[in-house]
Amino acid sequence: MNRTITRLSAVLFTTALIGLAGPAYAHVGVSSTDASQGGFGKAVFRVPNESDTASTTKLVITFPDDTPFAFVTAGAKPGWKVSIKKEKLDEPAKAGDFDVTEVVRTVTWTTTGDGIQPSQFDEFAISGGPFPEVASIAFSAEQTYDDGEIVSWDELQKGDTEPEHPAPTLTLVESTGDHHGAGSADTDDAKGAADESSNTTAFVAVALGAAALVVATSALVGTLRQNRRRA
């Protein structure tokens, strides 16, 4: 009886831990604290490693064709080399107040070390602008693993259902008029929204964990009662 109870307790405890962990959000995402419509700022791409056995060795970020940037720089990272690919335009295009004849098409980071190993994530940054005067901008990301697998994050969401490989999409706050990024009020609002979202996610995870723990405890108590009756 003791062996049965021990095994059952281990299974139920594992179930409870899974509930406490909550849902995983393992797609490539992009965020910014200072990028605004028509302004300059930094965008950070968060890249989780989804493989259980392989490491991420390369990340390619592709800029959208219809929203050219006049200026782009790529963040340097220890253990990674970065390259920027530019493209000549057939005709000059407008990027804010600038006329551009050449635009950045891709930014590529390639590991010179171990890359992003299983159960880890890393962040990669770009800086520049002007960002387009739209509510959001979608990039595409290509993630390469050392076992040869390549995952393309380029699917645009249609309706309420999120695609399997959503394109990293950056929400842009309205410009404050100085075209140097979001103002303090906008930044505070963005941080507040992020904190609220984080708190909501944490609450849901805790609630799910608590529910799983209640179920596990109830099942364990029921098993103990049945074993006592048999004894």
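These are my notebook entries on strands, salt bridges and a charged patch in a predicted model.

**Entry 1: β1, β2 and β7**

I started with strand β2, residues 41–48. I found it mostly covered, with six of its eight residues buried. I then looked up its partners. Strand β1, residues 29–31, runs antiparallel to β2 and is joined to it by three bridges. Within that pairing, Val-30 has Phe-45 of β2 as its bridge partner. β2 also pairs with β7, again in the antiparallel sense, over eight bridges. There I noted that Phe-45 stands opposite Phe-124 in β7.

**Entry 2: the β9–β10 hairpin**

Next I went to β9 and β10, which form a hairpin with four residues between them. In the turn, Gly-148 has a positive phi of about 100°. The two strands run antiparallel and are joined by four bridges. I checked one position: Ala-141 has Trp-153 in β10 as its bridge partner.

Which side chains of β10 are buried? Along residues 150–153 they alternate. Val-151 and Trp-153 point to one face and are buried, while Ile-150 and Ser-152 point to the other face and are not. For Trp-153 I looked up the value: its relative accessible area is 1%, so it counts as buried, the cut-off being under 20%. I also took a distance from Trp-153 to Glu-164, which is eleven residues away along the chain. Their C-alpha atoms are separated by 8.6 Å.

**Entry 3: the negative patch**

I then listed the members of a negative surface patch: Glu-50, Glu-142, Asp-146, Asp-147, Glu-149, Asp-154, Glu-155 and Glu-164. One of them, Glu-142, lies in strand β9, residues 140–145. Glu-142 is partly exposed, with a relative accessible area of 30%.

**Entry 4: salt bridges**

Side chains of opposite charge can pair when their charged atoms come close. How many salt bridges are there? I recorded six.

I looked at the pair Asp-65 and Arg-105, whose side chains meet at 3.2 Å, N to O. This pair links distant parts of the chain, 40 residues apart. Asp-65 sits in the loop between β3 (56–62) and β4 (71–74), and Arg-105 is in strand β6, residues 98–111. Are the two ends buried or exposed? Asp-65 is exposed, with a relative accessible area of 64%. Arg-105 counts as buried, at 13% relative accessibility. I also noted that Asp-65, Glu-87 and Arg-105 are linked in a network of salt bridges.

The next pair was Asp-122 with Lys-77, where the closest N and O atoms are 2.9 Å apart. Asp-122 lies in strand β7 (residues 121–129) and Lys-77 in the loop between β4 and β5 (80–95), so this salt bridge ties together parts that are 45 residues apart in sequence. Asp-122 is partly exposed, with a relative accessible area of 21%. Lys-77 is buried, with a relative accessible area of 17%.

Last, I looked up Asp-99 and Lys-94. They form a salt bridge with the closest N and O atoms 3.3 Å apart. Both Asp-99 and Lys-94 are exposed.

Terms used:
Residues are numbered from 1 along each chain as its sequence is written. This is a predicted model: local features need pLDDT of at least 70, side-chain atom pairs count only at pLDDT 80 or more; totals for chains, interfaces and linings use all residues. Side-chain values use heavy atoms; hydrogens and water are left out. Patches are made of residues with over 30% relative accessible area and no salt bridge: like charges are joined within 9 Å, nonpolar side chains (Val, Leu, Ile, Met, Phe, Trp, Tyr) within 5 Å. Accessible areas come from the Shrake-Rupley method with a 1.4 Å probe; for residues, only the protein chains shown count as cover. A salt bridge is a side-chain nitrogen of Lys or Arg within 4 Å of a carboxyl oxygen of Asp or Glu. Lys and Arg count as positive and Asp and Glu as negative; His and the chain ends are not counted. The place of a charge is taken as NZ of Lys, CZ of Arg, CG of Asp or CD of Glu. Buried means under 20% relative accessible area, exposed over 50%, partly exposed in between (1.4 Å probe, protein chains only). Two strands pair if DSSP finds at least two bridges between them.
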